[in-house]
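Here are some exercises to work through with the model open beside you. Try each task before you read its solution.

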Amino acid sequence: MAKKEFKSESKRLLDLMINSIYTNKDIFLRELISNSSDALDKLYYRSLTDKKLKVKKDKLEINISYDKEKRLLTVSDNGCGMTKEELESNLGTIAKSGTLAFKENMSKEDKANIIGQFGVGFYSAFMVSDKITVTSLSVDSEEAFVWESEGVDGYTIKEGKKKEIGTEIVLKIKEDTDEFEYSKYLDEYQLKGLIKKYSDYISFPIKMEVTHHELVDEEKHEYKDTKEVETINSMVPIWKRSSSEVSEEDYDNFYMDKFSDYDKPLKIISSSVEGMTSYQSLLFIPSHAPFDYYTQEYEKGLALYSNGVLIMEKCADLLPDYFSFVKGVVDSEDLSLNISRELLQESQGLKLIAKNIEGKIRKELETMLRDDREQYISFFKTFGVQLKYGVYNNYGADKEKLKDLVMFYSAKHERLITLAEYVSEMKENQGNIYYASGASVEKIGKLPQVEQVREKDFDILYLTDYVDEFCVTAIQSYEEKTFRNVSDEDLDLEDEEEKKATEKANKENSDLLKEMVEKLPEIKEVRFSNKLKSHPVCLTTKGDVSIEMQKVFDAMPNDMGIKAEMILEINEKHPITKKLKDLYKNDKDEFDKYTKILYSEARMIAGLPIDNPTEINQLICEVISK
Ligand code: ADP
């Protein structure tokens, strides 16, 4: 029979894995067991709604057996099985997203990360086997099929024989090498240990034949070996065990296995709630964002169980969008198994659980922020954008819940601070919470408008994420202090004398300024100001849309034509002012050139593009060559 090739990306991934960079080969067993457990869950759940299916819960099980001589290890289950098509699509592709970019000369870490990201699951069995044979009879098929592969070369699928619905996976275990003793996977004691270590919480029995060493004659020291099939795992789901009984390592292992992460979680949140709706939940905050987190493909949700039976792999209603990064399990015996998922999603019980869970996660984050700042900062650097997005999403409906969890970079402290911290340090004569936005802390620090505020010794929050300004605009005020962009045209920080002086200058030169506005169609107004200390010019804005917000709107696919109302401010004390006045009187041509150059300068400082760089460059050359 013709061999089918793996999809090319899968092939490279498989190659990476077989030539193992993933050092812990042991995990293959938990991956297979976990797949079996999922298949049993699926079959049982189907049987609840499909009356034709006769499935007895206590008959559902996973079996492990081995043959030392033939070097075979078998993992089988009587779960839902796979059709021919499913064998093809589930076992023929590894990287499901198809967007996997392989770089040449990847570091060992990169490779491990790639494998981790894609949750190689089934394929990890190739780390320990020369050949894998999967025989499966699906609940949806009359015929059984056999999928077989010896690794990268490809696989075959042919008809097979199997009476009972389910899947049997036979691994031909590799020969031992100097580096690794593969025979450990054919050893009763070792296998038992691995099952206990990684799969103890699986809610179906994992059965294996074990040897009992029985003392038959004490005097003669005579023993007899008897063999018996036993359930190796304790079967109590980890979330049903009291957290004092479970080690952190157990939780970590469960998380990494269940949610295909190569890293331990940053935070484990376990709770057991008794009340109108009782439930156990085990939640995790990942230590890094899942590879698809900021893409459309990412699906939020918690696994939902009803008394140990999986109802839904990802119940989205259990998590608000702003906590979409949370992974975990919720189990409630108060949720009826026999209603449709749609009705369940509408149920008051589920809504109550969702509300409690939201509150619990929030509390945990607040505690982390208070007691373990370093950990919180690490969390915030990874998922802060999501919280800030949550603040302004839904017209700010959740901002009260989230405003104390968001942090911004403080110019004064040169690190992230909370709004409460900012306000508590405000100066007596300071009426506003000042912020400045830009592409990076460094760039913002160089904005001319920042100078004036910092000179008064007021702290400024530097906003560098595209969501930041939308976030603070949604919050509007914190403890009655309103947010103020340092690029607003009327910051009102000058003293009376300074104000009078600029007013006078603007009045006396109104013709000059008017002429400049006429030359600059994107500008609403040109004025002299005292805002600037060393810079000659800057752009400020009037109204709700700042320059940074305009940049975000400009980058959106459908141009909504939302523009900032820009003002060009000229430093009245700068020598350029005198020059402008001279030119306005004596050389209009030159005056026009200066106007264009100064405007371009202001745009550059604000990080805005210049439409006609060649022309501007020529003008600059002309002027400086004089
Ligand atoms: P994952 O479990 O992360 O989806 P795997 O590579 O481990 O990835 O498995 C791919 C798919 O193959 C599973 O999602 C499942 O649909 C199917 N599968 C694997 N093992 C079994 C099994 N024992 N019974 C039924 N289906 C299985």
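**Exercise 1: The ligand and its shell**

A backbone N or O atom of Phe 122 sits 2.8 Å from an oxygen atom of the ligand. Bear in mind that this is a predicted model. Starting from Phe 122, find which side chains also place a polar atom by an oxygen atom of the ligand, then describe the shell.

*Solution.*

Step 1. Begin with Asn 35: one of its polar side-chain atoms is 2.7 Å from an oxygen atom of the ligand. Asn 90 also brings a polar side-chain atom to an oxygen atom of the ligand, here at 3.2 Å.

Step 2. Next, look at how much of the ligand is covered. On its own the ligand has 530 Å² of accessible area, and the protein covers 81% of this.

Step 3. Now widen the view to the residues around the ligand. There are 14 of them, and the closest are Asn 35, Ala 39, Asp 77, Asn 90 and Phe 122.

Step 4. Assign the shell to elements. At least two residues each come from helix H2 (27-49) and helix H3 (84-91). H2 gives the largest share, with four residues.

Step 5. Finish with the chemistry: the shell holds five nonpolar, six polar and three charged residues.

**Exercise 2: The second largest pocket**

Locate the second largest pocket and work out which elements and domains contribute to its lining.

*Solution.*

Step 1. Start with the space itself: the second largest pocket holds about 480 Å³. Its lining consists of 19 residues, of which Glu 469, Thr 473, Ala 474, Asp 544 and Met 549 are the closest to the centre.

Step 2. Trace the lining to its elements. Helix H9 (373-396), helix H14 (468-475) and strand E19 (481-485) are the ones that give two or more residues. The largest share belongs to H14, which supplies five residues.

Step 3. Move up to the domains: domain 3 (406-485) and domain 4 (503-625) each provide at least three residues of this lining. For orientation, the domain assignment of the chain also gives domain 1 (8-215 + 224-231) and domain 2 (238-372).

Step 4. Sort the lining by residue class, and you get nine nonpolar, six polar and four charged residues.

**Exercise 3: A histidine in a loop**

Where does His 288 lie, and which side chains make polar contacts with the side chain of His 288?

*Solution.*

Step 1. Place the residue: His 288 is in the loop that runs between strand E10 (279-286) and strand E11 (302-306).

Step 2. Check the partners of the side chain. His 288 and Asp 261 are joined by a side-chain polar contact of 2.8 Å. The side chain of Tyr 262 makes a polar contact with that of His 288 as well, at 3.4 Å.

Conventions:
Residues numbered from 1 in each chain as written. Predicted model: local features only at pLDDT ≥ 70, side-chain atom pairs only at ≥ 80, totals over all residues. Heavy atoms only, no water. 1 Å grid on protein atoms, 1.4 Å probe; cavity = no way out; pocket = protein on both sides within 12 Å on 5 of 7 lines; lining within 4 Å. Points joined across faces, edges and corners; volume = space filled by probe spheres on them. Nonpolar A, V, L, I, M, F, W, Y, C, P; charged D, E, K, R; others polar. Domains from an automatic or database assignment. Near = heavy atom within 4 Å. Polar contact = N/O pair within 3.5 Å; in protein donor to acceptor, adjacent residues only side chain to side chain. Areas by Shrake-Rupley, 256 points an atom, 1.4 Å probe, with all protein chains shown as cover.
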